[in-house]
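Work through the exercises below with the sequence and the model side by side. Try each task before reading its solution.

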Amino acid sequence: MSEGPVDATTTDAWKALTELRAGFEPDLRSWFADDPGRASRFTFEAADLHVDLSKDLITDDLLASLLALAEQVGLEARRDAMLAGEHINVTEDRAVLHTALRLPADASLEVDGTDVVPAVHETLAKMYAFADRVRSGEWKGVTGERIHTVVNIGIGGSDLGPVMAYEALEPFRHPEIECRFISNIDPTDAGQKLKGLDPATTLFVVSSKTFSTLETLTNARLARTWLLDALAENGHSEVDSADAVKKHFVAVSTALDKVADFGIDPENAFGFWDWVGGRYSVDSAIGTSLAIAIGPEGFAEFLGGFHAIDEHFAKTPLAQNVPALMGLLNVWYVNFLDAQTHAVLPYSQLLHRFPAYLQQLTMESNGKSVRWDGTAVTTDTGEVFWGEPGTNGQHAFYQLIHQGTRVIPADFIAFANPAYPLADASDGQSVDVHELFLANFFAQTQALAFGKTAEQVRAEGTAENIVNARVFSGNRPTTSIMAPSLTPGVLGQLIALYEHITFTQGVVWGIDSFDQWGVELGKQLAVQISPAVSGDADTAKQQDTSTQSLIAYYREKRK
Ligand code: F6P
């Protein structure tokens, strides 16, 4: 795909959307009152996901124009190019094939002349065999003991996916194996996560696509030193260091040569490919810690969930294609209703890291100012994604969503069945707490959609001077996503849903959603500034005056 992107703002559909925007007066109250079929018409199914867009600021005309926009920017052709392994990651000249990671073993997909599916399944088989050995206790540390703690060392996509999924799938974990995750180069992270661990029963998984990330390599070296020191302190000074590293370190990377340089046995390294972006890699061997925690069957089910949504995205007409519809709606919100942020609000404590995971997926993908041909974007791009699990968010920031001055589209996610079905039986009556929880989920989207009028507030006997403060405008857009329960498969579906939403937005904006050049400058400067922080006067002098004075403050206060 060498040709440049279609400029969405020049299309007829964009013109139609601009006209619709000019006369747009959302009124969810009357839209629902006048149209009994609204909820069912705007509710869609994708695998196990039940997605209700009816409380979004959408009308039939609007939807028709958004679908026309998708057609005019060539969404389906670009999707098909991605799925076929074309090099749509233009600035890195790479295929974008996270979807190949979850293809069934009997599928085939040629990329640059090679069928990638056999290699994907070979790696999975190796990872599964390893996970089984750790889970069964067959894998022994250097003192002959089984592993009880797996520490994943990685950052960005080599951390956020595994930790999010490990938390989300807590009910599916092996009871005798705990995973911990070290990501930050703040030494507090390694310090805290290593605290209390027995080196003899700890296994490190060093996860890094490039195996050159400063944070990860620094933390991996810290962990290696800790392992050898702690073994000696615990009376195992007889162990051979190389043997200890071999039995307590494995790696996941696309750069297997660098893994060997670190002292990790290439036998215990799990590879993946440059056509998997870091933020799209939890379903590759980067998920090794997760595969140990939930087991190969759970991991296979997780991949199956991704694949079900990939199939839906690839084959469902756009008018019923949930990721495409959600991505197009986000374009409507960002480019026509000036939304600057997008909230993701899981009514599931287990998904407490899901918004953080989505931040990398969405913002590293679509936070761009140039298009894939290097020309400037013609409209705003990536919004800020954020969120916290309900109901905690309700007692913190929902005030702004309900009564603030900005449009904040919000995705509400909930499950029919709780992982912990607890009842509050203290008053002699048994109350299903999950139902209390879900009542909040339903109530919030209702309050945001329909609000509360001044008349309703007055009818409650409210003093006139505070009526306005108690009015809720309504017409605040929400999408409700429900599923039967949070299983590995459903988690895979949710992740794939957001991957394809992100892709859809990127196509409309004409950007390369798969590079991340914006993270490079800060990394380079950190390396350049580092000597100044350690006291090198010449390097200090080369910095701007603000940075010089901040470093001077640091050096004065550091004990
Ligand atoms: O700095 C951003 C980034 O490149 C992410 O895209 C990536 O997920 C992360 O760093 C970690 O990279 P690696 O897996 O190569 O260590």
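**Exercise 1.** Which residue in β6 does V150 stand opposite?

Solution. This is a predicted model, in which local features need pLDDT of at least 70, side-chain atom pairs count only at pLDDT 80 or more, and totals for chains, interfaces and linings use all residues. Residues are numbered from 1 along each chain as its sequence is written, and side-chain values use heavy atoms, with hydrogens and water left out.

Step 1. Find the two strands, where a strand is a DSSP run of E with at least two residues, a helix is a run of H or I with at least four, and both are numbered from the N terminus. Strand β5 covers residues 149–153, and β6 covers 178–182.

Step 2. Check the pairing; two strands pair if DSSP finds at least two bridges between them. β5 and β6 run parallel and are joined by five bridges.

Step 3. Read off the partner: V150 stands opposite C179.

**Exercise 2.** Place β5 and β6 in their sheet, and find the helix α10 that packs on it.

Solution. Step 1. The sheet is open and has five strands in the order β6-β5-β7-β8-β9, with parallel pairing.

Step 2. The edge strands are β6 and β9 (269–271); each has a single partner strand, so one side of each is left without a neighbour in the sheet.

Step 3. Direction ignored, neighbouring strands are turned by 20° against each other on average. For such angles, axes are lines fitted to C-alpha atoms (for helices over the stretch in contact), and angles run from 0 to 180 degrees between N-to-C directions.

Step 4. Helix α10 (residues 241–248) touches β7 (202–207) and β8 (249–253), and its direction makes about 55° with that of β8. Touching here is contact, which means heavy atoms within 4.5 Å.

**Exercise 3.** Is T216 buried or exposed, and which residues is T216 in contact with beyond its neighbours within four places in sequence?

Solution. Step 1. T216 is found in helix α9 (residues 214–233).

Step 2. Apply the accessibility classes: buried is under 20% relative accessible area, exposed over 50%, and partly exposed in between (1.4 Å probe, protein chains only). With a relative accessible area of 2%, T216 is buried.

Step 3. Without those sequence neighbours, the contacts of T216 are I153, G154, I155, V206, S207 and S208.

**Exercise 4.** Describe the sheet that contains β15.

Solution. Step 1. Six strands form an open sheet in the order β1-β2-β15-β12-β10-β11, and the pairing is mixed.

Step 2. β1 (43–46) and β11 (384–386) each have a single partner strand, so these two are the edges, with one side of each lacking a neighbour in the sheet. From one strand to the next, the twist averages 20°.

Step 3. Strands β2 (residues 49–52) and β15 (residues 478–485) pair in the antiparallel sense over three bridges. Within this pairing, V51 has I481 as its bridge partner.

Step 4. Helix α16 (residues 433–450) lies across β10 (341–347), β12 (410–417) and β15, and runs at about 150° to β12.

**Exercise 5.** How many residues does the largest nonpolar core have, and which residues does Y498 touch?

Solution. Step 1. A nonpolar core is a set of buried Ala, Val, Leu, Ile, Met, Phe, Trp, Tyr and Cys residues joined through side-chain atoms within 4.5 Å. The largest has 121 residues, and W332, F354, L491 and Y498 have the most contacts inside it.

Step 2. Helix α18 (residues 488–509) gives the largest share of this core, twelve residues.

Step 3. Leaving aside neighbours within four places in sequence, Y498 is in contact with M326, V344, F354, L358, L361, D411, I413 and I481.

Step 4. Another core, of 28 residues, lies apart from this one; F211, A223, A230 and V259 are among its members.

**Exercise 6.** Which residue forms a salt bridge with D243?

Solution. Step 1. Side chains of opposite charge can pair when their charged atoms come close. A salt bridge is a side-chain nitrogen of Lys or Arg within 4 Å of a carboxyl oxygen of Asp or Glu; the count comes to 26.

Step 2. The partner of D243 is K247, and the closest N and O atoms are 3.1 Å apart.

Step 3. Both residues lie in helix α10, four residues apart, about one turn of the helix. D243 is partly exposed at 24% relative accessibility, and K247 is partly exposed at 29%.
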